[in-house]
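Please look through the sequence and the structure below before reading on, and keep both at hand while following the text.

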Amino acid sequence: MRFMTMKSAMLALVASIALTGAAFAQDLGPRVKKLADGVYDHTGNGFDSNSGIILTDEGVIVVDTGQNPIESRDIMATVKKLTSMPVRIVIDTEPHADHTTGHFVFPGAVIIAAAGGGDSMRAADRAAPNRIQTMAGTSPEMKAALEGYKFITPTIEYHDRMTINFGGKTIELITMKGVHSESDNAVWLPRERVVFSASAFVVNQINILRPFVTIPDILAAGKMMRALKPQFVVPGHGTPGTVKIFDDGEKYYALLMDRVGALRKQGKSLDDIKKEVKMPEYASWGSQDRMPTNVEAAYKALGGKI
Ligand SMILES: [Zn+2]
């Protein structure tokens, strides 16, 4: 009888721990996933940008501040559920507005970016002086989330590589040139084997390849990040996963180069190739309107002059 009581008491305890665990996971919501001890990803809606939350003994590090300030506030709310410590460092994987507008939601944090991040942000800000006003007009929720907005550029910009040892966590920042923006970096946690891979590769979506982006640079970045042997890959946009994200991207670019190369051999012009090249295998990927930028990059990678 006594044994039975002990047993049922233990069962009740196990059940209550399980329930507490479930309730805790539920509180974080379906978009927040624990990847390793103290490392979380906050997945954007649809193709919205992803963010990371890294807990350390000295405070919190946030990787990218969200698609927009509504998201930034959701990231901050998630941080508050995980710890009472302040956000001390923000790392930008890229300077574009859909990763950096929400810097002001993390006041006092030191913002770290690869060299060129600040210039890129300032140029974009000058080019669209009404951006915040327009954004506030999109919904009352957005207007409320923009309350207290301040334009905040990186505090520290580094060249090539940087190691951050902070509160017991080690984070390596590795610059990636020519993959997406003027200032991209991989954020690598060697102990936890998590890499935030920026927008070098996106998932189930055609990436926009700006004139300074090259396919060989993207492939080199994939190779570099694969060599880190990460267990988890959190891309700038799209569902986080594994190195399969790099595999999928490489396959896509290989096929694109093949098809563009074949048409080029037939003597077609770039304009004709843009009209004629078909990638039906990737018809389900989002942002098909970006395909011409991809064809142009493939044409250039094959030695074509523009
Ligand atoms: Zn971007």
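The paragraphs that follow go from the metal site to the pocket, then to the nonpolar core and finally to two loop residues.

The model shown here is a predicted one, and a convenient place to begin is its zinc ion, whose protein donors are E94, H96 and H180, with E94 listed for two OE entries, H96 for ND1 and H180 for NE2. These donor atoms lie 2.1 to 2.7 Å from the zinc ion. Along the sequence the donor residues follow the spacing E-x1-H-x83-H, and the two histidines link distant parts of the chain, being 84 residues apart. H96 is found in the loop between β5 (87-91) and α3 (97-100), whereas H180 belongs to the loop between β9 (169-176) and β10 (184-189). Both of these histidines are buried.

What geometry do the 4 donor atoms give the site of the zinc ion? The angles among them run from 51 to 122°, and the site is irregular. Four donors would count as tetrahedral if all angles lay between 85 and 135 degrees, and the value of 51° at the lower end of the range therefore rules out that label. For orientation, the ideal angle for four tetrahedral donors at a metal is 109.5 degrees.

H180 also leads to the largest pocket, where H180 is among the residues nearest the centre, together with D98, I208, H237 and R290. The pocket has a volume of about 210 Å³ and is lined by 16 residues. By class, this lining consists of 8 polar, 5 charged and 3 nonpolar residues.

From the pocket one may turn to the largest nonpolar core, which has 37 residues. In soluble globular proteins, nonpolar side chains tend to be buried together. The members of this core that touch the most other members are M176, M225, Y252, L256, V260 and V295. At least two residues each are supplied by β9, β10, β11 (194-198), α7, α8 (244-265), α9 (270-276) and α10 (291-301), and among these α8 gives the most, with 7 residues.

Two loop residues deserve a look at their backbone. Most residues other than glycine have a negative phi. D160, in the loop between β7 (156-158) and β8 (161-166), nevertheless has a positive phi near 70°, and K229, in the loop between α7 (215-227) and β12 (232-235), has a positive phi of about 60°. Are these residues buried or exposed? D160 counts as exposed because its relative accessibility is 56%, and K229 counts as exposed because its relative accessibility is 61%, the cut-off for exposed being over 50%.

Notes:
Residues numbered from 1 in each chain as written. Predicted model: local features only at pLDDT ≥ 70, side-chain atom pairs only at ≥ 80, totals over all residues. Heavy atoms only, no water. Donors = N, O, S within 2.8 Å, 3.2 Å for Na, K, Ca; no water. Tetrahedral: all angles 85-135°; square planar, octahedral: opposite > 155°, others 65-115°. Helix = DSSP H or I, 4+ residues; strand = E, 2+ residues; numbered from the N terminus. Buried < 20%, exposed > 50% of the residue type's maximum accessible area, 1.4 Å probe, protein only. 1 Å grid on protein atoms, 1.4 Å probe; cavity = no way out; pocket = protein on both sides within 12 Å on 5 of 7 lines; lining within 4 Å. Points joined across faces, edges and corners; volume = space filled by probe spheres on them. Nonpolar A, V, L, I, M, F, W, Y, C, P; charged D, E, K, R; others polar. Core = buried A, V, L, I, M, F, W, Y, C linked by side-chain atoms within 4.5 Å.
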